[in-house]
Amino acid sequence: MSGRSVAPTTRWILRSNGAIVLAFLYAPIILLAIYSFSGSRIPGEWGGFTTEWYARLFDDSRIQKTIGVSVRVALVSTVIATVLGTMSALALERFKFRGRRVFDALLYLPIIIPDVTMAVMMLMFFTQAFDLVDLLFGLGLSKGFATIVVSHVAFNIAFVSVVVRARIAGMDATLEQAAADLYANRWQAFRYITLPLIAPGVLGGALLAITLSLDDVVVTQFVAGPGSTTLPVYVFSLIRKGVTPTINAVSVIMLLASLTLVAGSVALQRANAVRGRINSE
Amino acid sequence: MTVLPDADVLETALGEAERREEAAQRRRGLILALPSFAYMILFFAVPLVIVLVYSFATRTSTGSTSLSDWNLDAYRKLGEPIVRNVVIRSIVLALITTVLCLVIAYPFAYFCATRSVTVRNLLLVAVMIPFWTNFLVRNYAWRLLLSSGGPISSFTESIGLGPTEILFTKTAVVIGLVYAYLPFMILPLFASIDRLDWRLVEASRDLYASGPASFRKVVLPLTMPGVIAGSILVFVPSMGAYVTPELLGGGKETLLGSYIVTQFLTARNWPVGASLSFVLMSVMLVSTIIYFRAGGKNL
Amino acid sequence: MTNRFRRTRRLMPLAVLPLLSLAACGGGDDSSAAGDCEAGQVDGDLYLYNWSEYMDPELLEAFAADYGIEVIEDNYDSNEAMQPIVAAGNSGYDVIVPSDYMVSIMIEEGSIQPLNQAAIPNLSNLDPNFVKPDYDPTGEYTAAYQWGTTGIGVDLTVMGEDTPRTWGLIFDPELAANFDGRMTLLNDPRETLGAALKYLGYSLNSTSESELEEAKQLIVDAVPRIKAFDSDQYDELLASGETLVSHGYSGNMLYGIIELDNADDYTYFVPDEGGTIWTDNMAIPFDAPHPCTAHTFINFILDAENGAALTNWNLYASPNAASEPFIDAEVLENEIIYPSDTSKLEYIQNTGDFETNYSDAFSEAKG
């Protein structure tokens, strides 16, 4: 552990940088939380305290519906992308196989492609693919939840894979090999050795995937079907008329919901850790 | 002399086993990669072919795309000075954003990685949570923060520095982009600092004695994969960003992202939008490969 | 008979997935025959694709209740974002609301289908000016929804009540000095170059390269005086005092200033040199899944009282002549909503290949 100990000045710099980063990240969030209670429709003008926007939110079935779609899309696409992305990262970092370079390059393209280009290409792709399916199998498919998830996974695999690879890269492979020799079962070696080692990278990749999915407007707008609008697409369509404080209220509620989730999982982790300690004693 | 054939046999047998093991490894790698490989080919590479096809097509007078006339007009258009200016401006902006993100994120990721597991997980999630609000809403919040009547301006005025007019300037764009992409830098940096072998750092401290030297010669090289991954994840989207520059910069300068969006959604000139995207992607891919090679990694 | 439209859609797949050329001949499965729709008939739920905050939710509820169906509304923020989604086919929408120039484009590309006028008896309620507009010369494809203008919102506290009604407030260096750095222009090539063209006395549909060059130069000179190019928040920037002059659309500007305590300090006008008039129109996509419901809905909106309710709600002018008696007097008399002189106003038209000149000129002007 002594390698981690640093000079007092360095420690002071690290700590204050940490505080500044957090302040930077939360300043706009705090501001929008404050204005979600403002009585004035004009942004930046304090119109007295009100909970009107929250009341409106609870009456607004359309916003609620778009939040529902957004959350479902984010969860489903993140799970799929995290599994696929982690598998690709392992394959690329730990194995040599035919087509590796092509696969590697292909996995960078979703990061590089401009949003709007991907949006247009997915729209044309689904249109033509559905025509083809209709022709071959007589199935009339239409755009909606599934097409949004497919598109989000298509860009998220790449992001998850990059983050996980940053974790695996240069990581000592001898442990895994030793484990493989010991357990004989590859799944066990993965489950008990590799996965715990790469877990922080997987968590980071999943967090990034959720964020990207919750934020995507352009691609979603082009591949959504009628009635499957997500929250960001809905908000985007509103900007012509001004982002009302209702949208601020939505943000605050989503923030509270995610904080609750996080607090819950931390509590769960703690409980598990305690149980683990008791069991081992 | 009689021993040699035996050694040969042994060697052949060993080579055989090695080859078999290697073949098995290759097979396992392929199996592991196959699901995502297939997915990416079907849902990314095939659609991408459409973009490629469009880049050789012609814009009709109604703004749709005609595939009956194949030509390179859309690529020729990329030689115009406006495109060159836009590209140079965007590269400079993306570089500034990437460097700032790196400088801010590295110590933060280092700080996170040296905390206890619970604290570090909390910190990581704390970094991401602001981004689970809507990105447009975040941009509008920055508009409020930076506007001439906003909190920052009021603060500088109250301490006698006079009001600040940051909104609709380049500074505002840089602040907005650094804000938007900071987590993209923090996550991979954290992932690679966290798996640092601290024994090496300790050994280096014994050797070099000074903290900065050991950082420069041991910590930084070992965490280079994170630096590279983070830089790409920040640089690339900064090149294509358009909502933040439009909202915080007031759209007074044309950047690459907004130029591409303009081609698709205002001029309705899909061939030019497609050709520009294609050239952009090719250049980025090639430079990423070079960057990785330089960083001692293969792509 | 919607097959005619489908075939044009198939042009694009041909090159990419050659198999599909078969589909153009084989796909005769369309059951939706709008020609058979009768007035008041519904054939399913209504999927409406409209601009945001443009439709009174109570009207939608009334329509749903009257006909025992559901209404699902999605929104778009620009014609250009809506058009490719509808044109690609299989969009799932029954009614869309494109603006004038986009109507002419969508007619030419076969993205919208002719209306069965027999199923829309309320078409006769439309003001004659909106019956056969230039963008839909036969009047077959669309029914006007709402109309408005593009002009400038001004903070009157700077130059007083007799602020000159001219684009010179932005483009004349001396006049503009009054508002230095506190102005916004729309982030839209046709609207902003159009304003400059109008200031110069040209048509905003000019296809002369030299006229466009002059207009571009005006924008180049104006950029240092401009706070931002903004198509979304200009009304709020004006209302919050961040800007003093804002280029924008009539209804939005009104919406931004009408509820202010000091609403009298602001006004909106189309400068005397002239400006843009626009009309948004109801149309039915070529492959609408429920064309009869779509016709019935268009008829419902064209009803005199419903049309009035719409205008009273969204504060844009109604093309529905029969609805006038039901529109609030203060709305009808509001010069911002219903300008008395429309002679200098022009529709933006599709200039064909020249469109790219506009977009390039605008990008170049911004630098």
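**Exercise 1. Decide whether A:Gln64 is buried, partly exposed or exposed, and place this residue in its chain.**

Solution. A:Gln64 has 13 other C-beta atoms within 10 Å, and therefore counts as partly exposed; a residue is buried if 20 or more other C-beta atoms lie within 10 Å of its own, exposed if 12 or fewer, and partly exposed in between, with C-beta atoms placed from the backbone. The model is a predicted one, in which local features need pLDDT of at least 70 and side-chain atom pairs count only at pLDDT 80 or more, while totals for chains, interfaces and linings use all residues. Residues are numbered from 1 along each chain as its sequence is written, and chains are lettered from A and ligands numbered from 1 in the order in which they are written. Next comes the place of the residue: A:Gln64 is found in helix H3 of chain A, where helices (H or I, at least four residues) and strands (E, at least two) are DSSP runs, numbered from the N terminus. Finally, A:Gln64 and A:Ser161 are 97 residues apart in sequence, and their C-alpha atoms are 32 Å apart in space.

**Exercise 2. Describe how helix H1 of chain A packs against helix H5 of chain B.**

Solution. Begin with the geometry: helix H1 (residues 8-35) of chain A and helix H5 (residues 135-146) of chain B pack at an angle of about 90 degrees, and their axes are 9 Å apart. Such axes are lines fitted to C-alpha atoms, for helices over the stretch in contact, and angles run from 0 to 180 degrees between N-to-C directions. The angle makes H1(A) roughly perpendicular to H5(B), a term for 65 to 115 degrees, whereas angles under 35 degrees count as roughly parallel, over 145 as roughly antiparallel and the rest as oblique. Then name the residues: from H1(A) come A:Ala27, A:Pro28, A:Leu31 and A:Leu32, which meet B:Val137, B:Arg138, B:Ala141, B:Trp142, B:Leu144 and B:Leu145 of H5(B); two residues are in contact if their C-beta atoms, placed from the backbone, lie within 7 Å. Sorted by class, this contact has nine nonpolar, no polar and one charged residues. Here Ala, Val, Leu, Ile, Met, Phe, Trp, Tyr, Cys and Pro count as nonpolar, Asp, Glu, Lys and Arg as charged, and the others, Gly among them, as polar.

**Exercise 3. Set out what chain A gives to its contact with chain B, and then what chain B gives to its contact with chain C.**

Solution. The contact between chains A and B takes 85 residues from chain A and 89 residues from chain B. Among the elements of chain A that give two or more residues to this side are H1, helix H3 (61-94) and helix H11 (245-280), and the largest share, 15 residues, comes from H1(A). By class, the side of chain A that touches chain B has 62 nonpolar, 15 polar and eight charged residues.

Turning to the other contact, 26 residues of chain B are in contact with 33 residues of chain C. On the side of chain B, the elements that give two or more residues are helix H1 (3-55) and helix H12 (256-265), and the classes there are nine nonpolar, 13 polar and four charged residues.

**Exercise 4. Work out how compact chain C is, and how its domains touch.**

Solution. Chain C has 16 helices and twelve strands. Its radius of gyration is 22 Å, close to the 21 Å that the globule rule gives for 367 residues, so chain C is as compact as a globular protein of that length; the radius is taken over C-alpha atoms, and the rule is 2.2 Å times the number of residues to the power 0.38. Of the 367 residues of chain C, 55% count as buried.

For the domains, whose bounds come from an automatic or database domain assignment, chain C is divided into domain 1 (37-147 + 278-332) and domain 2 (148-277 + 342-366). Their C-alpha centres lie 28 Å apart, and 13 residues of domain 1 are in contact with eleven residues of domain 2. On the side of domain 1, helix H6 (100-108) and strand S5 (143-155) of chain C give two or more residues, and H6(C) gives the most, with four residues.

**Exercise 5. Find the places of C:Glu53 and C:Asn90 in their loops, and state the sign of phi in each.**

Solution. C:Glu53, in the loop between strand S1 (46-51) and helix H4 (57-67) of chain C, has a positive phi of about 55 degrees although it is not a glycine. C:Glu53 is partly exposed, with 19 other C-beta atoms within 10 Å. C:Asn90 lies in the loop between helix H5 (79-87) and strand S3 (95-96) of chain C, and its phi is also positive, near 60 degrees, in a residue other than glycine. C:Asn90 has 21 other C-beta atoms within 10 Å, and therefore counts as buried.
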